[in-house]
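Look at the sequence and the structure below. The report that follows describes a sheet and then a helix.

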Amino acid sequence: RQREYVDSGICFCEIKNKINTGRTQKVRVKIAKSEWGTLDAAEMSSFVKEHFWITDRMLSPRLQNGFERITLVNHAHTERVTIDQSISFRNLVTDVEADVSGLVVAEVKRDGRQPSDFVQLLQQYRVRPQKLSKYVLGMLLTDEHIKYNRFKPKIRYVSKLVGEELEIKAQKAAWCADNNR
């Protein structure tokens with residue numbers, strides 16, 4: 001993915017990989033603002049080749065998302081909390097836009113099993129952790145070719161959180177004889 005930090009004007013190309021432990025490992029390289037939004041730059045191409053198993057020619061921009069982020073840091077517990085709000089998506093292939101500005105996503109990042117004041121506060125208010133990919137949500141809301149059956153519970157959950165039924169562009173999976181094997 002490519003990421004632009006609006007306040008600082010700094011841009012990065014990032015590659016995220018899940019490793020055997022179930023954790024995500026991220027590597028990134030700073031890129032010029034003029035290269036943001038493209039995959040053609042030589043520096044980006046060599047970075048992708050060095051850190052990923054597919055070639056940059058197999059990649060194409062698909063989804064643009066935007067959100068406002070608040071970051072809280074607890075240096076004593078090596079903990080960082082990010083809170084994303086005003087979330088919106090634009091599919092770069094279908095040109096469909098979606099807005100889930102009523103959704104707030106909080107993510108806690110910390111070393112090991114350190115105690116977390118923020119997690120304790122959420123537990124106190126009976127807020128349960130849920131896994132949610134903004135990318136998957138954005139694709140479900142903006143691309144009619146995505147099959148969404150396995151994501152129905154998550155979509156229902158998010159709809160309940162934002163207080164309205166989300167308009168899903170993705171289609172129900174078509175079942176045929178081949179799927180019953």
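## Sheet and helix

Three strands (DSSP runs of E, at least two residues, numbered from the N terminus) make up an open sheet, in the order S1-S2-S3 and with antiparallel pairing. Two strands count as paired if DSSP finds at least two bridges between them. S1 (2-5) and S3 (24-31) are the edge strands, each pairing on one side only. On average, neighbouring strands of this sheet are turned by 30° against each other, direction ignored; the angles are taken between N-to-C directions, from 0 to 180 degrees, of lines fitted to C-alpha atoms. This is a predicted model, in which local features need pLDDT of at least 70 and side-chain atom pairs count only at pLDDT 80 or more, while totals for chains, interfaces and linings use all residues. Residues are numbered from 1 along each chain as its sequence is written, and side-chain values use heavy atoms, with hydrogens and water left out.

Strand S2 (residues 10-18) pairs with S3 over eight bridges, in the antiparallel sense. Lys16 has Lys26 in S3 as its bridge partner.

Helix H4 covers residues 152-162; helices are DSSP runs of H or I with at least four residues. The table lists its buried residues (under 20% relative accessible area, 1.4 Å probe, protein chains only) and exposed ones (over 50%).

| Class in H4 | Residues |
|---|---|
| Buried | Ile155, Val158, Ser159, Val162 |
| Exposed | Pro153, Arg156, Lys160 |

Seen down the axis of H4, the buried residues fall within an arc of 105°, so they line one face of the helix. The arc is that of the directions from the helix axis to the C-beta atoms. The exposed residues are on the other side of H4. The buried residues of H4 pack against helix H3 (134-142), where contact means heavy atoms within 4.5 Å. Just after H4, Gly163 has a positive phi of about 80°.
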